[in-house]
Every structure is written in C-alpha cells, then in structure tokens.
Amino acid sequence: MTSALRLSFGLFTILPIDRSSDARKSPPTGAASDPPPKTSATGETATDREQTESAQQSGPAPSASVVRRAVLLAPVTGLVVATLAAVVLFAVRALIDGDVWGSMATDPPGALVAAALAIMTVELLTGGLHLDGLADTADAIAVRGSAHRSLAVMKDSASGPMGVFAVVIFAVLATSTLAVAVTRGHGTEALVTAVLAGRVAILWGCTQQAARPDGLGAWVSGSVSRVQALALTVAVMVVPLVLGLLDDDARLGATIAVVAAIPIGVATAWLATLSIRRRIAGITGDVLGAMAQVATVVSLVVTALAP
C-alpha cells in the first residue's frame, strides 16, 4: 500500500513523496517495453521520456497490482491537493477580510482573488499536468482525420488554438465559479468537491482500454473495473456531505448541490471525451487529464449555481 500511495502521488501530483522509488518508472509487467512517452496524468513530452529513461536505471518498474492500487488511490492524492488549496483559500480570505475567526463575508473582488490563488495552487501542485492533457485533447478533437493523426496531435508538445482556448475557458470558469461559491458561503466545499470530482473522472477513464501500447494509457487502462469506479464514486461523495454537515452556515440546498456535483461532473467529462475516445479507440494520459479538468470545472459550475 505504501508503494502504491507513493506511486499515486508521483503520477498525479508533483508533491515530493519519495517519487524516486516507484513513480516515473518503466511500464508494469505486461505493458510495452519501450519507455512511455508520458509518465504523468497528461502531457507526453520529450522531457517526460528522458525522466522515465533515467528512472528506469534506478530500480525495477512497479508491478501491475501496484499500479492498479495507485490508480484507486487517486482520490486520496486529490484530497491532499484539495486540502492544501483550501488552506490557501482560507488564508487569503482571512488576509483580505482581516478577521481569521470571524464570518469572513468576503466581497466579490476579494473572493475572486482568493479563488484565483486557490485554483493556481491546485494546478501548481499537479504541475499543470491535467491542463496540458486538456489542451492536447482539445486540439485532437478539433483536428480532422484518422485516429493516427489525432494521436500525433496529442503527442505534439505545442498547443494549438483550440488547446489554448480550452485552457483559458477552464481558468476563467474555474476561478469565477469558485468565487461565486465563496461569496455564497460554501467555497471550501466547492473547491474540495471539484478536485475530487476530477480524480473520480480519472478512475472512470481507467476502466477503458488504451489507445496505444505505450504511455500512461497503457499503464492504467483496465486497471479499474466499473464496479470499483462506482463504489469509489459513492464513497467520495461522502466527503462533501460531511463538509456540509460540519459547516454551521451551510444550507440544505447547497449541500445537496455540492454532493450532486461529483456525479454530474464525472458524467459530463465522460460524454465530453466520448467522441475522441471512440476515434482513437481508447484512452491516453491526455484524455485522462481532460476528463479530470472537465469534471472539475463542471463541478464548480454546479456548486456555484447552488442556492
């Protein structure tokens, strides 16, 4: 379990949780022998390949069972990231309001600043990996042609206009909707729920087959069954429910919306990537990153609309 948790942090974050021991190694037993062009939840770049080749020299690759457990622990790594981002959200609001233990009725401009820094924290802690996947997947969806061409676009480290557009829209929507949730009194619940929704979306993506024999998709494809994904989805929904119950100011409608945001976000991410998954006949790390970001931002939109 310890090795799986370290690998999970290594794959889905840039947190220094003894990354050298298991993360960024060669594929597990039974996967392609060539170094995976991508060793994170998104972006398949030359730099990633060099890091993988270097890691391969330092020890054996993790087994398929370790990789499977690492993927199943994605919500745990997400909860750590969400907690750290929530601390930033709280600290910035406290500094703006000048009252740490008060009601912190942050005004809209202050809420927008706090939300922007919280979203930035999430992306910094994940190294922008999911953002890169969102950009590459958006470019691949926009391109016309065969599956081979779409996969080639994903492997290209340069972002096209649709990729840049997708990232900008994500940043604007994520920041503004979190700010709205903050002004309505459930910003922490919205932030934590959104990050967890993104990790649950990754779990569902991992129920699919890989689109090619190398890369992260080959690592994690089929590592999660739909029964496991469903069970973890329900389990993760308990987190925002508990947060809502612990919040003295939480309204029933807001709590219901925050809990429902997880399945709504995940379902939207599944549908949004359906066409590209069908075109390339599977998943890649970029697709997983795109699913995470779509689920995250849709979850934030749902919580912003909560009464």
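V266 lies in helix α14, which covers residues 252-272; helices here are DSSP runs of H or I with at least four residues, strands are E runs of at least two, and both are numbered from the N terminus. This is a predicted model, in which local features need pLDDT of at least 70 and side-chain atom pairs count only at pLDDT 80 or more, while totals for chains, interfaces and linings use all residues. Residues are numbered from 1 along each chain as its sequence is written, and side-chain values use heavy atoms, with hydrogens and water left out.

With a relative accessible area of 8%, V266 is buried (buried means under 20% relative accessible area, exposed over 50%, and partly exposed in between, with a 1.4 Å probe and protein chains only). Which residues does V266 touch, not counting those up to four places away in sequence? They are A197, V200, A201, W204 and A295, where contact means heavy atoms within 4.5 Å. Follow the chain on to M291 and you have moved 25 residues from V266, yet the two C-alpha atoms are separated by 7.7 Å.

Let us step back to the whole chain for a moment. The chain has 16 helices and zero strands. Of its 307 residues, 53% count as buried. Among contacts between residues at least 6 apart in sequence, 76% join residues at least 24 apart.

Two buried residues now lead us into α10 and α16. T193 is found in helix α10, and T193 counts as buried because its relative accessibility is 0%. Its contacts, leaving aside neighbours within four places in sequence, are P240, V258, A261, I262 and S299. The last of these, S299, lies in helix α16 and is likewise buried, with a relative accessible area of 0%. Seen from S299, the list of residues touched reads T193, A194, A197, A261 and G265, again without those up to four places away.

Helix α16 also packs against α9. Two packed helices are described by the angle between their axes and the distance between the axes. For α9 and α16, the angle is about 30° and the axes are 8 Å apart; axes are lines fitted to C-alpha atoms, for helices over the stretch in contact, and angles run from 0 to 180 degrees between N-to-C directions. The crossing of α9 and α16 is left-handed, a term used when the near helix is turned anticlockwise from the far one by less than a right angle, with clockwise being right-handed. On the α9 side, F170, L173, A174, T177, L178 and V180 take part, and they meet Q293, T296, V297, L300, V301 and A304 in α16. Sorted by class, this contact has nine nonpolar, three polar and no charged residues. In this scheme Ala, Val, Leu, Ile, Met, Phe, Trp, Tyr, Cys and Pro are nonpolar, Asp, Glu, Lys and Arg are charged, and the others, Gly among them, are polar.

Just before α16 there is a loop from α15 (274-280), and A281 is found there. A281 has a positive phi of about 60° although it is not a glycine. Is A281 buried or partly exposed? At 40% relative accessibility, A281 counts as partly exposed.

Next, look at α6. This helix runs over residues 108-125, has 18 residues and reaches 26 Å from its first C-alpha to its last, close to the 26 Å expected at 1.5 Å a residue; the expected span is 1.5 Å times one less than the number of residues. At the N-terminal end of α6, D107 acts as a cap, with a side-chain oxygen 2.9 Å from the backbone nitrogen of G110. After α6 comes G127, whose phi is positive, near 65°.

The buried residues of α6 include G110, A114, A118, I119 and V122. Their cover includes α5 (74-97), α7 (129-142), α9 (161-183), α10 (187-205) and α16 (285-304). A115 is found in α6 too, and A115 is buried, with a relative accessible area of 0%. Leaving aside neighbours within four places in sequence, A115 is in contact with L89, T175, L178 and A179.

One of those partners, L89, is among the buried residues of α5. The 24 residues of α5 should span 34 Å at 1.5 Å a residue, and the end C-alpha atoms are 34 Å apart, which agrees. What covers the buried residues of α5 includes α1 (2-12), α4 (64-72), α6, α9, α10 and α12 (226-236).

Definitions and conventions: A polar contact is a pair of N or O atoms within 3.5 Å; within protein, one must be able to donate a hydrogen and the other to accept it, and residues adjacent in sequence count only if both atoms are side-chain atoms.
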